[in-house]
Amino acid sequence: MQPNLGPGEDFQLLLERQVREMQSKAAALNEALSSAGATVRTRDGSVTVTLAPNGALTNLELGHRACELGPARLTAAIMGAVRDAQRQTARAVADSFATINGDGESTEMVRSFLPPDPPPDGDFAAPDSAEPTPPPPPPAPPSAPRRRPAAAERPDDESNPW
């Protein structure tokens, strides 16, 4: 297969031009990816998370209302904010990749790894549902203690100190 050379172009010049184009794309992609992180705050302002472009958690801030949520709701609010920030970061990375490389097979492959969208009204810091939760079942009664054999019943084994 012959390279697509322009009039008066030789193979070395063609390769040099392609290398410059690839370097330019790599620099643009590097710049776009370095700014692809996300900061997300819950609707009630109780939690703010910041993620780096690679999805790493770089900051977590708890607002004044965070203590009022209780452990379970605070955990849900943190995890919900992190998931939202991960979705935003992943979309920014995929969009940057598409901008630099165009819509092709490689871009579709990158987009296939995007996390799914959340269900509507997925505010993780929302009040608990009005449905009462059933009480936990009572604990099982303790089992009868195991009886240790009396000294006379123990095997006469000098290698066993117990």
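**Exercise 1. The D84–R87 pair**

In which helix do D84 and R87 both lie, and how many residues apart are they?

Solution. The model is predicted.
- Step 1: place the residues. D84 and R87 are both part of helix 3, three residues apart, about one turn of the helix.
- Step 2: check the side chains. D84 forms a salt bridge with R87, and the closest N and O atoms are 2.3 Å apart.
- Step 3: assign exposure. Buried means under 20% relative accessible area. R87 counts as buried because its relative accessibility is 10%. D84, at 24% relative accessibility, counts as partly exposed.

**Exercise 2. Two other salt bridges**

The count of salt bridges comes to four. Locate the residues of the R17–E21 bridge and of the R65–D44 bridge, and state their exposure.

Solution.
- Step 1: take R17 and E21. Their side chains meet in a salt bridge at 4.0 Å, N to O. Both residues lie in helix 1 (residues 11–34), four residues apart, about one turn of the helix.
- Step 2: read the exposure of this pair. R17 has 31% relative accessibility and so counts as partly exposed. E21 is also partly exposed, at 46%.
- Step 3: take R65 and D44. Here the N to O distance of the salt bridge is 3.5 Å. This pair links distant parts of the chain: R65 is in the loop between strand 3 and helix 2, D44 is in the loop between strand 1 and strand 2, and they are 21 residues apart.
- Step 4: read the exposure again. R65 counts as partly exposed at 30% relative accessibility, and D44 counts as partly exposed at 25%.

**Exercise 3. The strand 1–strand 2 hairpin**

Describe how strand 1 and strand 2 are joined, and sort the residues of strand 1 by face.

Solution.
- Step 1: find the pairing. Strand 1 and strand 2 run antiparallel and are joined by four bridges. One pairing sets A38 opposite L51 in strand 2.
- Step 2: inspect the turn. Five residues lie between the two strands of this hairpin, and G45 in the turn has a positive phi of about 75°.
- Step 3: separate the faces. In a regular strand the side chains alternate between the two faces of the sheet. In strand 1, A38 and V40 make up the covered face, while T39 and R41 make up the uncovered one.
- Step 4: look at a residue in strand 2. T48 is found there and counts as buried because its relative accessibility is 7%. Beyond its neighbours within four places in sequence, T48 contacts T39, V40, R41, N59, L60 and E61.

**Exercise 4. Core and surface**

Which element gives the most residues to the largest nonpolar core?

Solution.
- Step 1: identify the central members. The core has 13 residues, and V40, V47, V49, L74, I78, A81 and A85 touch the most other members.
- Step 2: list the contributors. Strand 1 (38–41), strand 2 (47–51), helix 2 (66–69) and helix 3 (71–101) each give two or more residues to this core. Helix 3 gives the most, with six residues.
- Step 3: follow one residue outward. Not counting residues up to four places away in sequence, I78 touches V47, L60 and L62.
- Step 4: turn to the surface. L57, L60 and L62 form a nonpolar patch there, with about 270 Å² of accessible area together. L60, in strand 3 (residues 57–62), is partly exposed, with a relative accessible area of 39%.

Note on methods:
Residues numbered from 1 in each chain as written. Predicted model: local features only at pLDDT ≥ 70, side-chain atom pairs only at ≥ 80, totals over all residues. Heavy atoms only, no water. Patch = residues over 30% accessible without salt bridge, like charges linked within 9 Å, V, L, I, M, F, W, Y side chains within 5 Å. Areas by Shrake-Rupley, 256 points an atom, 1.4 Å probe, with all protein chains shown as cover. Buried < 20%, exposed > 50% of the residue type's maximum accessible area, 1.4 Å probe, protein only. Core = buried A, V, L, I, M, F, W, Y, C linked by side-chain atoms within 4.5 Å. Contact = heavy atoms within 4.5 Å. Pairing = 2+ DSSP bridges.
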